[in-house]
Amino acid sequence: MITKRYHFETIDSTNKKARELATEGAVHGTLVTADAQVSGIGRRGRSWSSEKEAGIYMSMVLRPEIETDKASMLTLVAAMAVEKAIAHICLTDTSDCEDIDIGRLMIKWPNDIVLNKKKVCGILTELSLEGREIEYIVLGIGINVNNKEFPEEISQTASSLSLECGRDLDRELLITEVWKQFAVYYELFLQTEDISLFQEEYEAALINKEENVKVLDPLGEYIGIAKGITNTGELIVETAGDVRYVSGGEVSVRGMYGYV
Ligand code: BTN
């Protein structure tokens, strides 16, 4: 999957660098990694806490030949890949990690990875169009790996693999595993140009399934039961007498009593 890699000790944002490289013609599979980011970008204009050598900060340039409206599914492809990679790396050597229960590693739709109800990974997909066609996509992944503490404002909802597993992990091994898994799910996605070939697997990892969720739609909040996802990646929410299909973008989903 990785065709070329650029590594930086410190950078403003790997997504920003990947966008620059893509504009200059970087090929599909170009990966940018950094030990630290000084202006890590999160979703909805938030920042991403990027302490030096604690987490993984990486962005890949993708040039898929798919229709523009299918691009948002790549975020779910990435979430599936990261969930599998974390499970693999955290469980490979279980000798000092015996109490890890894979049931507690889950995906919060569409693309947060949650361990013991705390966010350990965020994904930011940025799309550049040439007319109506995809010029490139930058897929940015931030994973809290060996962090021991977090800024006050996210300390209640964020955690790291190290804090949850009770041991530090090799960031480089995890980077390799994420892109190995991404290649698998990306291939499945390309076969059908939707997520039907791993829809069940994604749903098995979906947090809040069959539970009440609050949908923070800018057009109006509502509460319903999360039933699963469609083969194009929308969250299915059953409200009183109605079924709604939630697509990513501006909409956020929360548990009834907080983040999940
Ligand atoms: C989120 O808000 O959940 C998405 C966070 C994405 C953070 C990653 S870290 C690597 C890449 N570079 C950035 O500036 N952002 C993404």
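Which residue stands opposite K119 in β6? Select K119 and look across to the neighbouring strand: the residue is V114. The model on screen is a predicted one. Strand β5 (residues 112-115) and strand β6 (residues 118-130) run antiparallel, and three bridges join them.

**The seven-stranded sheet**

Widen the selection from β5 and β6 to the whole sheet. This sheet is open and has seven strands, in the order β1-β2-β3-β7-β6-β5-β4, with mixed pairing. Now colour β1 (4-11) and β4 (105-108), which stand at the edges. Each has a single partner strand, so one side of each is left without a neighbour in the sheet. From one strand to the next, the twist averages 20°.

**Two helices across the sheet**

Next, select helix α2, residues 73-92. α2 lies across β3 (56-62), β4, β5, β6 and β7 (133-143), and runs at about 145° to β6. Then add helix α4, residues 171-192. α4 lies across β1, β2 (30-37), β3 and β7, at about 30° to β3.

Keep both helices in view. Their axes come within 8 Å and cross at roughly 135°. α2 and α4 are therefore oblique to each other. The crossing in which α2 passes α4 is right-handed.

Show side chains where the helices meet. On α2, the residues to pick include M73, L74, V77, M80, A81, K84 and H88. On α4, they include L173, E177, Q181, F182, Y185 and F189. The residues of this contact divide into 17 nonpolar, two polar and two charged.

**The two domains**

Zoom out and colour by domain. The domain assignment gives domain 1 as 4-202 and domain 2 as 208-255. Their C-alpha centres lie 23 Å apart. Twelve residues from domain 1 and 16 residues from domain 2 take part in the contact.

**The five-stranded sheet**

Which strands make up the open sheet of five, and in what order? Select β11, β10, β9, β8 and β12, in that order, to follow this sheet across; the pairing is antiparallel. The edge strands are β11 (242-246) and β12 (252-255), each of which pairs on one side only. Here the twist averages 45° from one strand to the next.

For a last stop, select strand β9 (residues 222-229) together with strand β10 (residues 235-239). These strands run antiparallel and are joined by four bridges. Pick G228 to finish: I236 in β10 stands opposite.

Methods
Residues numbered from 1 in each chain as written. Predicted model: local features only at pLDDT ≥ 70, side-chain atom pairs only at ≥ 80, totals over all residues. Heavy atoms only, no water. Axes fitted to C-alpha atoms, helices over the stretch in contact; angles between N-to-C directions. Parallel < 35°, antiparallel > 145°, perpendicular 65-115°, else oblique. Left-handed = near helix turned anticlockwise from the far one by under 90°. Contact = heavy atoms within 4.5 Å. Nonpolar A, V, L, I, M, F, W, Y, C, P; charged D, E, K, R; others polar. Pairing = 2+ DSSP bridges. Domains from an automatic or database assignment.
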